[in-house]
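Let's walk through this structure together, one piece at a time. Keep the 3D view open as you read.

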Amino acid sequence: MDDDVESGALGPYQDKPRIFPNMRSKSYTPLIFRIFMGINVRVLFVLLLLGLGAVFYVGARTSPILVFVFSVCIISFLLSVYLTKWVLAKDEGPPEMAQISDAIRDGAEGFFRTQYGTISKMAMLLALVILSIYLFRSTTPQQESSGIGRSTTAYITVAAFLLGALCSGIAGYVGMWVSVRANVRVSSAARRSAREALQIAVRAGGFSALVVVGMAVIGVAILYATFYVWLGVDSTGSMKVTDLPLLLVGYGFGASFVALFAQLGGGIYTKAADVGADLVGKVEQGIPEDDPRNPAVIADLVGDNVGDCAARGADLFESIAAEIISAMILGGTMAQRCKIEDPSGFILFPLVIHSFDLVISSVGIFSIRGTRDSGVKSPVEDPMAILQKGYSITIILAVLTFGLSTRWLLYTEQAPSAWMNFALCGLVGIMTAYVFVWITKYYTDYKHEPVRTLALSSSTGHGTNIIAGVSLGLESTALPVIVISISIVSAFWLGQTSGLVDETGNPTGGLFGTAVATMGMLSTAAYVLTMDMFGPIADNAGGIVEMSQQPESVREITDLLDAVGNTTKATTKGFAIGSAALASFLLFSAYMDEVSAFAHEPFKQVDIAIPEVFVGGLLGSMLIFLFSAWACSAVGRTAQEVVNEVRRQFIERPGIMDYKEKPDYGRCVAIVASASLREMIKPGALAIVSPIVIGFLFRILGYYTGHPLLGAKVVASMLMFATVAGILMALFLNTAGGAWDNAKKYIETGALGGKGSDAHKAAVTGDTVGDPFKDTAGPSLHVLIKMLATITLVMAPGFSVHLLHFLSINGKTTNSIGHSLLSTTATNTEAKAPNPKRAHRPLRIPGHGTSRSLPQRPVHDGRVSEARHRQRPPRHSRDEARFQAWIPQTLALGVASAGIASALPHVFGAFSQIWSSVRSASK
C-alpha cells in the first residue's frame, strides 16, 4: 500500500448514496472578538499601537528584561498569524467534506459558548468569595510597611483571578478554533500525500501552541510590570520587588479554575459520545468507526475538539502560568535571603525561558516540511519519527538557550559559579522531559512490546484484555516516579551547592534549583503542545474521510496519522503530569512561606504524627479517588443516554443501515452537551470546596485546642498526600487508556484477525473502558493537582490568621454585635491592644487541658520581671479573667459560624440556579 498511500492514488468511489448532516447554523464568535471586529480597521490599528506603546512603556519602566519578553511574544503572535493564513489557504476538498466540517464546527462552537458561559458565572461567584475573605484577613509586615492595605490586596487578587480565567478561556477557544478549521484541510491533503497532511496538522497545532504559551508569558509579564509601576515598587516606603510575585497568585488560580471545568466538561463530552458510538456502532452493529450511519458520530467528532483541543489548551496554559508564578516567588525569596543587590534576574528568569521556548519551538515546527514534489512516489515515512526529529531539534536548542539565559540572568558576584549549577538544573529538567516522553511512548505505541502484549491478550477474550490493560497501567507508574524522584533530588542538590547562602551561612538555593529544573522541563512546552494538538486534528480528519466515504487508501493515511496522534496525546499527558509534580512541589514551598509570613511564626515542617495532620493526608488521598470516581461515572451515565438514543434510532429507523434513512445527529449532540454540562459541576465543586472547608474547620478546632496553625498544617498535609496520590493515579489512568486505544489500532492494521474479529471486539471493550481514563479523569487530575496548590496559596491567610480577625480589623469591628463582644473582651483584659509582631499565645480553656506547641514567652530582664511579678494578680483571679475573656470570644466565634452557616444555603442556591439555567439553555 506504500506507493498508493504516499501518492494518494484514488480508487473508485464506493457506490453508496451520500448522506451528510445538515446542522449548519449561524457561526458563533465570542463577544470580545465581535467587539473588535465591529471597530473600524484604522481605529483598531491606532488602538493596537497605543496598547503596544503602553505595554512597552511599563516594561521599560520595570526592567529591560521585560522589553525582550514582550518583543519575543509579539513576534510569536505574528508568526502564529502567518501559520493561520498558511493553513487556511489550503483547500477544503469536495463539498461533502466541507459540509461535515461545518457540522462539527457548529457543534463545537455551540458547546463552547454554553460551557464557558456556565464557567464564567461560577468564576464571578468565586471572585466574590475571594474578595470577601481578603477584605477581612490580616496583612503581612511587608505589606503594612509598604502601605498596601487589605482592600488593595483584595482587589488586586480578584483582578488577577479574573484575568487568569479570561486568558485561560481564550486559550481554550484558540485551540478549538484552529482544530475545527484544520481538520477538513488535513482530510483533503490526505488525498494527495501523507506528508502534506502531516505538515498541515502540525502547523495548525503550532498556531495554537504559540498563542497559548505566548499568552501565558505576556499575561504574567504585563501583570508584573503594571503592579511594579502602579505600586511604585522599590521606591522609598513601598513594596520590595521580591514580594511582588505573591500578588500574581490569583492569576494562576483563575487559570486553574477555568482549566479544571474545561477539562471536565470537554472530557465528559468527548468520551461519552465516543463510548456510545463505539458500543452500538462497532460492537452491536459491526459498522466501522466514524461511519456516517452512526447517529453519534458527529457528537464524537465534536468531542475531539472541545475535549482534546480546547481543554488541553487551557490545561497547558495554566501549567505554564502556575510554574512561572511559583518560580518567580521562590526566586524572589532566595534573592531576598541572600541579599542579592539586583534580584530582577532571578525573578524574571522564568519569563525569559518561556520566551526562548517560543523561539526554539517555532524552529522545530518549521523543520517539518512537505515533500518538494508531490507527484514523485516515495516510501511512506513514519509520522512519529518525523515529529521526533523536530522534537530533537527543539531539545538541542533548548539546552543552548538555557545555558545562555542562566549566564545572562543568574550570574551574581556573591557566587560566580552559581549560574553553572542552575544551568545543570535546567539540563536535569530537559532530560526529565525527554525521558518522560520516551517512557510514555514505550508504554503506549504499538511498535513496542507492552501494547502488542495487550493486543495479544484480546485474542482470549474481553476479561483478559481488561486485566492486561490494568496491569500495564499499574506497571507504568514505576519508571516515571523514579525519574521524578531523581530529578527533584538532583536539582535540589545542585541548587544547594551553588554557593548562594543567607546571612547565617546556610545554603538557600535548593528550592530555586528545583524551580529551574521545572522550567527546563517546560522549556519545550510549545512544541509538546503542538504534538498534542496534532492528535485530535488527525482524528477528526479520519472521521471526515470515513463519513464522506473516500477511497480506502485515503483512510489508511488518516488511520496512520490517528495512531501516531494517540501516542503524541499520551506523551503530552505524561509530560503534563511530570511538570505538574514539580510545579506542585514549588507551590507547596511557596504556601509554607506565605503561611509563615501571615502567622508571624516559622512554618517549615509538617508533622504527620499529629492525628489531625494525618487525617488531612487521608482526606487528600481520598479526594483524588473520589474525584476520579465521579469523573468516570459521569462519563458512564452520559454514555448510557447516548447508547439508548442510538439504539432507539436504529430500531425506529431501520433504513439507516441501508443508507435509505438519515440519522438524527443533532439529537445525540444535544444529549451529550446537556449531560456533560450537568455532570461537570459535582466533581469540580468537590475540588474547589474541599480544601477551603477542611482548612477553616481545622482552623476553628486549632483555635479551641491552642494550636493556632492546625488549619494550615492540615491543609499542607492534604496537599502533599493529594499530590502524591494524584500523580500515581494520573499516570495509571493516562497510560492504561492510551495503551488500550493503540492495542485496538494495532489489531485494526490487520493483526490478530483485523477488524471484526473476536480479538478486535475485545480490544474495543478495553478501549471503551480506557476512554474516560485517558481523556476525562486522567487529564483532569493534572489540573486538580495544581489547582489545589494554587487555591491553598490564595486562601493561606484564612488558614493561618486568627478567626477573630475576620470580625475585627485592628480592634475596630465590622458590626455592632462583634463590637460589643470584643469590647467586653478588651475590658476584661485591661483593653490592651494586641501586638501583631508578637507571637500569639493560645487561650488555655478550662477543662481542655494543656495546650500543645505553645510558643515560648519572651525573656525579659530581671527588673521588668520583678515589677510584673509585684503587679500580677492572684492565680484564681487570673483564671477567672481568662474564663470571662473566653466567653465573649466563644460567642463571637459562634456568631461567625452562624453567619457562615446561613450563607451556605445561598451559595448552594446560586449553584442550583446556574445548574438549572444550564439545563434549560441546553434543551
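A salt bridge, as the term is used here, is a side-chain nitrogen of Lys or Arg within 4 Å of a carboxyl oxygen of Asp or Glu. With that in hand, look at Asp 775 and Lys 774, whose side chains meet in such a bridge at 2.7 Å from N to O. Both Asp 775 and Lys 774 are buried. Please keep in mind that this is a predicted model.

What else are Lys 774 and Asp 775 linked to in a network of salt bridges? The network also takes in Lys 271, Asp 274, Asp 741, Lys 744, Asp 767 and Asp 771. If you select these residues together in your viewer, you can follow the network of salt bridges from one charged side chain to another. Across the whole structure, there are 28 salt bridges.

Another of these pairs is Glu 109 with Arg 181, where the side chains meet at 3.5 Å, N to O. Glu 109 belongs to helix α5 (residues 95-135) and Arg 181 to helix α7 (residues 150-190), so this salt bridge ties together parts that lie 72 residues apart in sequence. Are the two partners buried or exposed? Glu 109 has a relative accessible area of 1%, so this residue is buried. Arg 181 has a relative accessible area of 12% and is buried as well; the cut-off for that word is under 20%.

A further salt bridge joins Arg 555 to Glu 546, with the closest N and O atoms 3.7 Å apart. Here too, both Arg 555 and Glu 546 are buried. Between these two positions in the numbering you will find Gln 549, which sits in the loop between α18 (525-547) and α19 (552-599). What is the phi of Gln 549? The angle is positive, about 55°, although Gln 549 is not a glycine. At 4% relative accessibility, Gln 549 counts as buried.

Leu 752 makes an interesting companion to that loop residue. Its phi is also positive, near 55°, and Leu 752 is again a residue other than glycine. The loop that holds Leu 752 runs between α23 (710-748) and α24 (758-800). Leu 752 has a relative accessibility of 34% and therefore counts as partly exposed, whereas Gln 549 is buried.

Now turn to the way helices pack. Helix α9 (residues 249-285) and helix α10 (residues 297-337) have axes 7 Å apart and pack at an angle of about 160°. The two helices, α9 and α10, are therefore roughly antiparallel to each other. Their contact is made up of 16 nonpolar, eight polar and six charged residues. As for handedness, the crossing of α9 and α10 is left-handed.

Compare this with helix α12 (residues 383-409) and helix α13 (residues 418-444), whose axes come within 8 Å and cross at roughly 165°. That angle makes α12 roughly antiparallel to α13. The crossing of α12 and α13 is right-handed, while that of α9 and α10 is left-handed.

Helix α9 deserves a second look for its glycines. Gly 254 lies in α9, and with a relative accessible area of 0% this glycine is buried. Its C-alpha is 9.0 Å from that of Val 158, although Gly 254 and Val 158 are 96 residues apart in sequence. Gly 265 is found in helix α9 too, and it counts as buried at 0% relative accessibility. Which distance separates Gly 265 from Thr 776 in space? Their C-alpha atoms are 8.5 Å apart, with the two positions 511 residues apart in sequence terms.

The nonpolar core is a good place to bring things together. The largest such core has 274 residues, of which Phe 257, Ile 298, Phe 422 and Tyr 591 touch the most other members. Helix α8 (residues 194-230) supplies the largest share of this core, 24 residues. Trp 230 also lies in helix α8, but Trp 230 is exposed, with a relative accessible area of 55%. The C-alpha of Trp 230 is separated by 9.3 Å from that of Val 58, which is 172 residues away along the chain.

Note on methods:
Residues numbered from 1 in each chain as written. Predicted model: local features only at pLDDT ≥ 70, side-chain atom pairs only at ≥ 80, totals over all residues. Heavy atoms only, no water. Axes fitted to C-alpha atoms, helices over the stretch in contact; angles between N-to-C directions. Helix = DSSP H or I, 4+ residues; strand = E, 2+ residues; numbered from the N terminus. Parallel < 35°, antiparallel > 145°, perpendicular 65-115°, else oblique. Left-handed = near helix turned anticlockwise from the far one by under 90°. Nonpolar A, V, L, I, M, F, W, Y, C, P; charged D, E, K, R; others polar. Core = buried A, V, L, I, M, F, W, Y, C linked by side-chain atoms within 4.5 Å. Buried < 20%, exposed > 50% of the residue type's maximum accessible area, 1.4 Å probe, protein only.
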